[in-house]
Amino acid sequence: MTSYEDQFKTILVGYYSERSRNYIAALNQVRHESAYFDPATVECSVMGAAGEFGAWQIIPKFHPNSKPCDLELSTKYRCDQTNRIQHEIQNLRAAIAAWNAGEGTVKNLIKNWPYLWETLLPSVTKQYLKI
């Protein structure tokens with residue numbers, strides 16, 4: 001049986017080169033989000049305090065077109081969203097932060113405080129960027 005980590009690596013290779021910053025960031029992010037591939041989290045057996053589900057901890061009310069309990073579709077959704085934000089902002093760290101703090105929050109911080117935006121993120125997002 002293939003581990004969840006191996007399954008995610010296989011899916012992510014469809015979006016990024018294994019040696020790219022995006023691949024490494026996404027793999028580290030899903031490790032963190034899924035509590036290091038905890039089966040209860042990955043299989044959507046538990047819900048987080050904010051209503052988040054699945055390995056990517058997607059909150060359906062904010063992402064109604066996502067499928068948080070489907071490994072492949074949720075990973076595709078996360079990659080598409082992060083790539084879109086990274087393309088708009090031209091900053092991988094900002095795109096990763098947006099997944100956690102919200103796209104509007106990060107864009108507003110960058111617009112209003114372009115050199116300080118990371119310092120103004122919520123503390124949980126600052127921890128999230130350390131992964």
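These are my notes on the cysteines and the largest pocket of this structure.

**Model.** I am working from a predicted model, and I kept that in mind throughout.

**Disulfides.** I looked for disulfides first and found that the structure holds one. It joins Cys-44 to Cys-69, with the sulfurs 2.1 Å apart. I checked the handedness too: the angle about the S-S bond is -115°, and the link is left-handed. Both Cys-44 and Cys-69 sit in the loop between α3 (39-42) and α4, yet they are 25 residues apart, so I noted the pair as linking distant parts of the chain.

**Exposure of the pair.** Next I looked up how accessible each partner is. Cys-44 has a relative accessible area of 15%, so I put it down as buried, the cut-off being under 20%. Cys-69 comes out at 46%, which makes it partly exposed.

**The other cysteine.** I then turned to Cys-79, which is in no disulfide. Its nearest cysteine sulfur belongs to Cys-44 and is 17 Å away. Cys-79 has 0% relative accessibility, so I logged it as buried.

**Largest pocket.** Last, I went to the largest pocket, which holds about 330 Å³ of space. I got 18 lining residues, and those closest to the centre are Gln-57, Ile-59, His-63, Trp-99 and Asn-100. Two elements, α4 (71-89) and α5 (92-101), give two or more residues to the lining. The largest share comes from α5, with four residues. I also sorted the lining by class: nine residues are nonpolar, five are polar and four are charged.

Key: Residues numbered from 1 in each chain as written. Predicted model: local features only at pLDDT ≥ 70, side-chain atom pairs only at ≥ 80, totals over all residues. Heavy atoms only, no water. 1 Å grid on protein atoms, 1.4 Å probe; cavity = no way out; pocket = protein on both sides within 12 Å on 5 of 7 lines; lining within 4 Å. Points joined across faces, edges and corners; volume = space filled by probe spheres on them. Nonpolar A, V, L, I, M, F, W, Y, C, P; charged D, E, K, R; others polar. Disulfide = S-S within 2.5 Å. Buried < 20%, exposed > 50% of the residue type's maximum accessible area, 1.4 Å probe, protein only.
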